[in-house]
Amino acid sequence: MVDTWQHRHILSLSNFTPTDYDTVIRTAVSFRDVLSRRTKKVPTLQGRVVTNLFFEPSTRTRSSFELAAKRLSADVLNFAPGSSSLTKGETILDTAKTYLAMGADLMVIRHKAAGVPHVIATELDRLQSGVGVLNAGDGQHEHPSQALLDLFTLCQVLNPDHPHIDSLQGKKIALVGDIIHSRVARSNLWSLTACGAEVHLAGPGTLLPPGFAQAFQRSPVDPPGLTRRIVQHATLEPALVDADFVMTLRLQQERMTQHLLPSLREYHQQFGLTHDRLKICKPEVKVLHPAPVNRGIELSSALMDDPARSLIAQQVASGIAVRMSLLYLIGTRGRDAVLLDE
Ligand code: NCD
């Protein structure tokens, strides 16, 4: 399966093919099996160095990448901007080159500005370093590992024993809320539509401008038969009707430079998810949220805490197996690696 893998870095899902998603999901299934054992560790990346460069706050993504790297037996370096030489004026590229000089093999990068992981990857390529870069969220641009763990979560719900991307064909997935500021929404638009789901976007006009979906209708790597299906709505109800899944997004107030909403209460009334509102969805509908959650705003506390509806905990759990897959696929590219035991 790994023979088909072409990516040296994972910076965006706009250049992922259905085959790439299939490879990630299959690999994640293998690692899910590892994580269900008593000894949840394999020697796959033994002796390699994974550096977490998080220039922006993070709880789950950073911890999840760290644990995934440790489960693969890599050595992990964690960088914290507040206590680093950045405060003395060092540039981000020089920080990356410092870790390169220490022998980093993989760099996981989060930054509040779109494009930073790409700039670092380009410089590392220019230096012929062989280091692989994983984008862990760059500004409003993309968050590939989040969308891939969302994809794995959906595939596991639809087919627990044999999670597979084909199970998404024809499923209706509503993406709700602060879409304009969301790198999670952008990455999910690429992945879900490539796997055959029909994505319905819903949000207030200030957070979902008309024509937003246009940019996601086609990627240059799409196979000829692939039609990406995206529908935009100005209200919530049409997106929810008969939906199989509803993914709601955090109101990213740190990215709002002006008042884009009349009030949080009004937002919750119009776009907040509750048990009652989900009655027009498919009876077995499930809810996703990348977290952190503003409780009572994007969704009610009761819905968030309802294990029959909320997949939030499964999303976090899926993150470990998926990030193990990504580190494995990038970290062993071109090498004769053993996936599980030696
Ligand atoms: C997301 C992010 O940072 O983009 N969170 C995450 O990685 N789990 C979404 C968000 O912050 O709302």
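**Notebook: strands, domains, cores and cysteines**

I began with one residue pair and noted that the bridge partner of Met-107 in strand E4 is Val-133. I keep in mind throughout that this is a predicted model.

Following that pair outward, I found that strand E3, residues 106–111, and strand E4 run parallel to one another and are joined over five bridges. I then traced the chain between the two strands, and recorded that E3, helix H4 (residues 116–126) and E4 form a β-α-β unit of the right-handed kind. I also looked up how covered E4 is, and for this strand, which spans residues 132–138, seven of its seven residues are buried.

Next I turned to the domains. The assignment for the protein chain lists domain 1 as 2–142 + 317–332 and domain 2 as 144–314. I noted 25 Å between the centres of domain 1 and domain 2, taken over C-alpha atoms, and a contact to which domain 1 gives 37 residues and domain 2 gives 35 residues.

I then asked which residues have the most contacts inside the largest nonpolar core. In this core of 67 residues they are Tyr-21, Leu-151, Leu-168, Leu-201 and Leu-327. Helix H10, residues 312–331, supplies the largest share of the core, with nine residues, and at least three residues come from each of domain 1 and domain 2. As a reminder to myself, nonpolar side chains in soluble globular proteins tend to be buried together.

I looked more carefully at Tyr-21, leaving aside residues up to four places away in sequence, and listed its contacts as Leu-13, Phe-16, Leu-148, Leu-151, Ile-165, Trp-190, Ser-191, Ala-194 and Cys-195. I also wrote down a second, separate core of 27 residues, which includes Leu-260, Cys-281, Val-285 and Leu-299.

My last entry concerns the cysteines. I found zero disulfides in the structure, and I wanted to know why Cys-155 and Cys-281 are without such a bond. A disulfide is a covalent bond between the sulfur atoms of two cysteines, so I looked up the distances. For Cys-155, the closest cysteine sulfur is that of Cys-195 at 6.6 Å, which is too far for a bond because a disulfide needs the two sulfur atoms within 2.5 Å. For Cys-281, the closest cysteine sulfur belongs to Cys-155 and lies 20 Å away, so this pair is likewise too far for a bond. I added that Cys-155 is buried, at a relative accessible area of 0%, and that Cys-281 is buried too, at 6%.

Methods:
Residues are numbered from 1 along each chain as its sequence is written. This is a predicted model: local features need pLDDT of at least 70, side-chain atom pairs count only at pLDDT 80 or more; totals for chains, interfaces and linings use all residues. Side-chain values use heavy atoms; hydrogens and water are left out. A nonpolar core is a set of buried Ala, Val, Leu, Ile, Met, Phe, Trp, Tyr and Cys residues joined through side-chain atoms within 4.5 Å. Buried means under 20% relative accessible area, exposed over 50%, partly exposed in between (1.4 Å probe, protein chains only). Helices (H or I, at least four residues) and strands (E, at least two) are DSSP runs, numbered from the N terminus. Domain bounds come from an automatic or database domain assignment. Contact means heavy atoms within 4.5 Å. Two strands pair if DSSP finds at least two bridges between them. A crossover is right-handed if, with the strands pointing away from the viewer, the path from the first strand over the helix to the second runs clockwise.
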